[in-house]
Amino acid sequence: MKMNQKIEKHYNVVIVGNGVAGCFTALHLPKDYKILMITKSDLEESDSFLAQGGICVLRDDDDYDLYFEDTMRAGHYENRKESVDIMIRSSRDIINELIDYGVDFYRDKEGNLRYTREGAHSANRILYHEDITGREITSKLLAQVQKLPNVTLMDHTTMIDILVRDNTCDGLLIQTKDGDRVPVFCDHVMWACGGIGGIYENSTNFPHLTGDALGLSLRHGVKLEHVNYVQIHPTTLYNTKKERRFLISESVRGEGAHLYDKNGNRFADELLPRDVLSKKIQDQMKKDGTSHVWLDMTCITEVDIRERFPNIIAHCMEEGIDPTKEWLPVVPAQHYFMGGVWVDKYSHTTMKHLYAAGETACNGVHGANRLASNSLPFT
């Protein structure tokens, strides 16, 4: 891989974004393709790095119907059934491929993969690496991409526009870290540039993720779908600072943490789908006249929370809260975008030679609400 080399006039493929979707694309393109990958910020500032909980996988054939129904029910049955089927049936192959790339999922003492559970799942089917699964997966994929001699990666490089002729994408207009605006021509463009969290005051996303692909779609007539489908995560660490909200993973509740109102009473099933639980929390805050509710990790008994959630524990300690002894103040915040640039099952948009994947795309797998840990397996 070439980092920040001189831009060439033509590439086979330009990939916008270097998260899981962008890296997975690069790794599956022909090795004789000349590829340019650009990212708007630092290499590690994609939301893929932030995913805490895990990645879903079909346990066995007997789990198919339950997994399918869990995904459909969480999505309020607005999911594209074909997309859900593709995600579930391909998930085991994806996991095996990730392991081949060096991803280290948690295993028991016998060396078997350990599965956990999160909200709205009827079975344990989520693989994880501590509480930094996204960082583990994305860093390993990025490391593999960096080995490719046919890939040039440019950080702090922004997509300004796409070059369009007769509903055909011929390339991009980009701005380099030096401020130069340069046209780049290519055979194909892949949008894998994340979601829209940067336009929200309270979000778990990086602030530079501002829906750039959506704006360009509106400008050039590329079809969008369900742009009002925005997921609010029920539990982010409350503070008064104006900064990215720190996520308290759904896995915490999956392992047995409780939610309390201001009087220390439980008020909801902690494993409800995210949209339902977020509404329950918001209603409780309004009823109590408070700016947050409480999350209790001290009641988790099946695992050692210091080992299971080391990074969450460390961050809370930095904020002056000891989760092994104290309840955490939590509040809902914008988290994930289920809508986006419409794509078919092959990631084609409605513009020729323009593709989209990951959170940028709407392939219909999530419907109106994403099932926990269903973002990483279908990019």
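Here are a few worked exercises on ring contacts and charge pairs in this predicted model.

**Exercise 1. Classify the ring pair Y106 and Y128: is it stacked or edge-to-face?**

Step 1. A pair of aromatic rings is described by the distance of the centres and the angle of the planes.

Step 2. Rings pair if their centres lie within 6.5 Å, and for Y106 and Y128 the centres are 5.5 Å apart.

Step 3. Planes under 30 degrees apart count as stacked; here the angle is 10 degrees, so the pair is stacked.

Step 4. Now place the two tyrosines. Y106 sits in the loop between α3 (81–100) and β5 (126–127), while Y128 belongs to the loop between β5 and α4 (133–145), so the pair ties together parts that are 22 residues apart in sequence.

Step 5. Check the surroundings. Y106 is partly exposed at 40% relative accessibility, whereas Y128 is buried at 3%.

For context, the count of aromatic pairs comes to 4, and Y260, W294 and W327 make up one aromatic cluster.

**Exercise 2. Which charged ends sit over the rings of Y128 and Y11?**

Step 1. Start with Y128, the buried tyrosine from above. The charged end of R308 sits over its ring, 3.7 Å from the centre.

Step 2. Move on to Y11. Over this ring you'll find the charged end of K34, 5.9 Å from the centre. The cut-off for the distance is 6 Å, so K34 gets in on that criterion.

**Exercise 3. Where in the helices do the salt-bridge partners R73 and D70, and R253 and E250, lie?**

Step 1. Side chains of opposite charge can pair when their charged atoms come close.

Step 2. R73 and D70 meet at 2.9 Å, N to O. Both are in helix α2 (residues 64–74), 3 residues apart, about one turn of the helix.

Step 3. R253 and E250 meet at 3.8 Å, which is within the 4 Å cut-off. Both are in helix α6 (residues 250–254), again 3 residues apart, or about one turn.

Step 4. Look at burial. D70 is buried at 1%, but R73 is partly exposed at 39%. In the α6 pair, R253 is buried at 2% and E250 is buried at 1%.

**Exercise 4. Which residues join R73 and D70 in one salt-bridge network?**

Step 1. Warm up with E270 and R266, whose closest N and O atoms are 2.7 Å apart. E270 is buried at 4%, and R266 is partly exposed at 48%.

Step 2. Follow the shared partners: D63, E69 and R125 join D70 and R73 in one network.

Step 3. Put this in context: the structure holds 22 salt bridges.

Notes. Residues are numbered from 1 along each chain as its sequence is written. This is a predicted model: local features need pLDDT of at least 70, side-chain atom pairs count only at pLDDT 80 or more; totals for chains, interfaces and linings use all residues. Side-chain values use heavy atoms; hydrogens and water are left out. Rings of Phe, Tyr and Trp (its six-membered ring) pair if their centres lie within 6.5 Å; planes under 30 degrees apart count as stacked, over 60 as edge-to-face and the rest as tilted. Helices (H or I, at least four residues) and strands (E, at least two) are DSSP runs, numbered from the N terminus. Buried means under 20% relative accessible area, exposed over 50%, partly exposed in between (1.4 Å probe, protein chains only). A charge sits over a ring if NZ of Lys or CZ of Arg is within 6 Å of the ring centre and within 35 degrees of the ring normal. A salt bridge is a side-chain nitrogen of Lys or Arg within 4 Å of a carboxyl oxygen of Asp or Glu.
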